[in-house]
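Trainee: Could you take me through one part of this model in detail? I would like to see how a single helix and the stretch after it sit within the chain.

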Amino acid sequence: MAKKKPKPSSNTIALNKKARHDYHLQEKLEAGLALQGWEVKSLRMGKGQITDCYVLMKDGEAWLLGGHITPLDTASTHFATDPTRTRKLLLHKRELAKLQAATQRDGLTCICTALYWKKHLVKAEICIAKAG
């Protein structure tokens, strides 16, 4: 019989611990991320950072700004990589409308608090927050 691979103890890729101190978190949403192949490989190696990460609403879509994914030397040798590129968040229309309405109100913003694995997909936990 073949041996099974041991499962990792945690699905968390990166946390934004600073967000809990700087903001009053109100509502949480789960969003998918549109990533390139080298970014997924880097995240599997634990090379992601979302310390100063926030969500920007533009043209009816949500974009993740400020996230840093360090490229691997072996995975990204044949093309230019941008570790801080803007990444699209994958949300339903109702969720996008909720985020749009929340960010239009006074003092509310949208930030990313965590990146984690859900089965084989990378998910982002985004929160509607008030600066405090």
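Mentor: What follows is a close look at helix 2 and the loop after it, with the chain as a whole and its cysteines as background.

The model is a predicted one. Its chain holds three helices and nine strands, in the order β-α-β-α-β-β-β-β-β-α-β-β along the sequence. The C-alpha trace spans about 55 × 35 × 30 Å along its principal axes. Of the 132 residues, 37% count as buried. Among contacts with a separation of 6 or more, 69% join residues 24 or more positions apart.

Helix 2 covers residues 37-44. Its buried residues are Trp38, Glu39, Ser42 and Leu43. Viewed down the helix axis, these buried residues fall within an arc of 135°, so they line one face of helix 2. The cover over them includes strand 1 (12-15), strand 3, strand 6 (68-69), strand 7 (87-90), strand 8 (108-118) and strand 9 (121-131).

After the helix comes a loop that leads to strand 3 (48-49), and methionine 45 lies in this loop. Methionine 45 has a relative accessibility of 57%, and because the cut-off for exposed is over 50%, this residue counts as exposed. Between methionine 45 and leucine 72 there are 8.7 Å from C-alpha to C-alpha, although the two are 27 residues apart in sequence. Glycine 46, just after helix 2, takes a positive phi of about 80°.

Two of the strands named as cover for helix 2, strand 8 (108-118) and strand 9 (121-131), bring us to the cysteines. The whole structure has zero disulfides. For cysteine 110, the closest cysteine sulfur is that of cysteine 127, at 7.7 Å, which is too far for a bond. Cysteine 112 is likewise in no disulfide, and its nearest cysteine sulfur, in cysteine 53, is 4.7 Å away. Cysteine 110 is buried, at 2% relative accessibility. Cysteine 112 is also buried, with a relative accessible area of 0%.

As for the surface, the accessible area of the chain comes to about 8700 Å², and carbon and sulfur atoms make up 52% of that. The side chains include 23 positive and 12 negative ones, and the centres of these two sets lie 10 Å apart.

To return to the part you asked about: helix 2 has one face lined by its buried residues, and methionine 45, in the loop that follows, is exposed.

Methods
Residues numbered from 1 in each chain as written. Predicted model: local features only at pLDDT ≥ 70, side-chain atom pairs only at ≥ 80, totals over all residues. Heavy atoms only, no water. Helix = DSSP H or I, 4+ residues; strand = E, 2+ residues; numbered from the N terminus. Buried < 20%, exposed > 50% of the residue type's maximum accessible area, 1.4 Å probe, protein only. Contact = heavy atoms within 4.5 Å. Areas by Shrake-Rupley, 256 points an atom, 1.4 Å probe, with all protein chains shown as cover. Lys, Arg positive; Asp, Glu negative; His and termini not counted. Charge placed at Lys NZ, Arg CZ, Asp CG, Glu CD. Arc of directions from axis to C-beta. Disulfide = S-S within 2.5 Å.
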